[in-house]
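I opened the notebook to record a few lookups. The topics are one strand, the charged pairs, the aromatic rings and a pocket.

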Amino acid sequence: MNIAVAKAEKPDTASDNFAAAGARLPVAGKLVDARRQAFDAFQRVGLPHRRIEDWKYTDLRALMREVLPVAPAPDASALVRAEAAAGLHAIAGVRRLVLVDGVLAGGLSELSDLEAGLSVRSLREALEAGENAALALDTADPMAALNTALMTDGVVIEIAAGTRLARPLHILHIASGGAPVAMFTRSRIALGNDAAATVVESYVAGEGADTYQVHDAAVIAVGDNARLDYVRIVEDSREAFNVTSAAVSVGTHAHFNAFGITTGALVSRYQAVVTVAGSHSKVETNGVNLLNGKQHADTTLVMNHDVPDCVSREGFRAVVDDRGHSVFQGRINVRQPAQQTDAKMMTRALLLSDEAEVDNKPELEIFADDVACGHGAAVGALDDSLLFYLRARGLPQKDAEAMLIQAFVGEAIEAIADDDLRELVTAAAVRWLEARR
């Protein structure tokens, strides 16, 4: 007798979530069609997998498996838990903008007494008014498409021409806890000509928040002669998933300085496309992954040089312990008009265990003939001679390792312009090091 085992067809959880979330999603004007088209684009591919080149090292079909239901609007108890978490992650001297379970929480945010030239609104308000600037995100990537289909809320920050903010803005994402859910947020940050600002974006878990998904996106525009310093801190729950997409446009004589650090989340991916659209501009993007356990963190950056006489610098460092896996994919595209481009990319990683894994893939694609471009990658272990030197002076093994690791990541952290934020990121790195001891 031959016995055939029939496998039940896997439920289409993404379609179910899209249908169930209808009442939660702001819709107006062409947004209805944009959402449907984006969801169709996601459905054609589904969760990205290793056969997609850009997702070669981060197979979400295996790691994430399914998209969780859209988080409900936070109730009173969720806001109480979020307030406690916000207090634990408060940053002195900033203007706080709090998103709880993907919804801008006005009661926890500082939305009054805004500086002249600064406008802050919820994304829901902007979308319901028919504004579509936040839709400027390429939906060719399946996770960017999914965010477009299901984005519920976020922050719209507009800084008028000539405005230079004295206080940094802090966008704080909080998962309040409860049932496993997914949060779909998007922020729009626009700096006018001659403007300057510092924005911090961080991701944390409230008490009881364990397994959840963050599907975030950012659309950033830096005007002519403007400067934006952008710091991103991922300290999600160790069972969380964080997938963030970003699209950045930089004008003429502008400066975009970005830094990211990841110490939390079980699986995280930050994918950004930065387009230098104006000449004589500078872009600096730096980052650090500090991973242990079974953490998986992927940083994928695309730098597009479309115009001449611009400078870009990409520096990325990873420290990986236990069975952690760090991924860096960086590509610099220099178009034919972008003569006299000066672009450099370097990634370095430390492996602290035999089971740790690092995948680095730097790339250059150059169509101009008058450029100075280069890339490099290095992976290794802590220097035994330096460890011996420190141990010979009485330092315990873990303390000696911590000192060398701190020096290794400290070079990248120095790229942060604001002294207070540099100390904040250094403290996050020190907390990770303390947990190793």
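My entries follow in the order of the lookups.

**Entry 1: strand E1**

I note first that this is a predicted model. I began with strand E1, residues 95–100. Is E1 enclosed by the rest of the structure, or open? Five of its six residues are buried, so E1 is largely enclosed.

Next I looked up its neighbours. E1 and strand E5, residues 169–175, run parallel and are joined by six bridges. I picked out one contact there: Val98 has Leu172 in E5 as its bridge partner.

Then I turned to strand E2, residues 103–104. Two bridges pair E2 with E1, this time in the antiparallel sense. In that pairing, Val103 of E2 stands opposite Val100. E1 and E2 make a hairpin with two residues between the strands. I checked the backbone there and found that Asp101 takes a positive phi near 50°.

**Entry 2: salt bridges**

How many salt bridges does the whole structure hold? My search came to 16. I went through several of them.

I took Arg167 and Glu110 to start. Their closest N and O atoms are 3.1 Å apart. This pair links distant parts of the chain, with the two positions 57 residues apart in numbering. Arg167 is in the loop between strand E4 (155–159) and E5. Glu110 is in the loop between E2 and strand E3 (118–122). I then looked up accessibility. Arg167 is partly exposed at 28%. Glu110 is also partly exposed, at 31%.

Asp298 and Arg269 came next. Here the closest N and O atoms are 2.8 Å apart. Asp298 belongs to strand E14 (residues 296–305) and Arg269 to strand E12 (residues 267–276), so the salt bridge ties together parts 29 residues apart in sequence. Are these two charged residues buried or exposed? Asp298 is buried, with 2% relative accessibility. Arg269 is buried as well, with 3%.

I moved on to Arg335 and Asp306. Their side chains meet in a salt bridge at 3.4 Å, N to O. The two residues are 29 apart and again link distant parts of the chain. Arg335 sits in the loop between strand E16 (325–334) and strand E17 (342–351). Asp306 sits in the loop between E14 and strand E15 (311–320). At 30% relative accessibility, Arg335 counts as partly exposed. Asp306, at 29%, counts as partly exposed too.

I closed this entry with a network. Salt bridges link Arg313, Asp342 and Lys344.

**Entry 3: aromatic pairs**

How many aromatic pairs are there? I counted two.

One is Phe39 with Phe42. The ring centres lie 6.3 Å apart and the planes meet at 40°, so I logged the pair as tilted. Both residues are in helix H2 (residues 31–45), three residues apart, which is about one turn of the helix. Phe39 and Phe42 are both buried.

The other is Phe316 with Phe328. Their centres are 5.0 Å apart and their planes are at 20°, so this pair is stacked. Phe316 is in strand E15 and Phe328 in strand E16, twelve residues apart. I looked up burial for each. Phe316 is buried, with a relative accessible area of 5%. Phe328 is buried, with 1%.

**Entry 4: charges over rings**

I then checked for charges over aromatic faces. Arg269 came up again: it lies over the face of Trp55, 3.6 Å from the ring centre. Arg269 is thus noted both here and in its salt bridge with Asp298. I also found Arg393, whose charged end sits over the ring of Tyr389, 3.7 Å from its centre.

**Entry 5: the largest pocket**

My last lookup was the largest pocket. How much space lies in it? The volume is about 510 Å³. It is lined by 27 residues. Nearest its centre lie Asp54, Asp141, Gln271, Val273 and Val302.

Which elements give two or more residues to the lining? I listed helix H6 (142–150), strand E10 (241–250), E12, E14, E16 and strand E18 (357–366). Two of these names recur from the salt-bridge entry: E14 holds Asp298 and E12 holds Arg269. E16 recurs from the aromatic entry as the strand with Phe328.

Terms used
Residues numbered from 1 in each chain as written. Predicted model: local features only at pLDDT ≥ 70, side-chain atom pairs only at ≥ 80, totals over all residues. Heavy atoms only, no water. Buried < 20%, exposed > 50% of the residue type's maximum accessible area, 1.4 Å probe, protein only. Helix = DSSP H or I, 4+ residues; strand = E, 2+ residues; numbered from the N terminus. Pairing = 2+ DSSP bridges. Salt bridge = Lys/Arg side-chain N within 4 Å of Asp/Glu carboxyl O. Phe/Tyr/Trp six-rings, centres within 6.5 Å; stacked < 30°, edge-to-face > 60°. Lys NZ or Arg CZ within 6 Å of the ring centre and 35° of its normal. 1 Å grid on protein atoms, 1.4 Å probe; cavity = no way out; pocket = protein on both sides within 12 Å on 5 of 7 lines; lining within 4 Å. Points joined across faces, edges and corners; volume = space filled by probe spheres on them.
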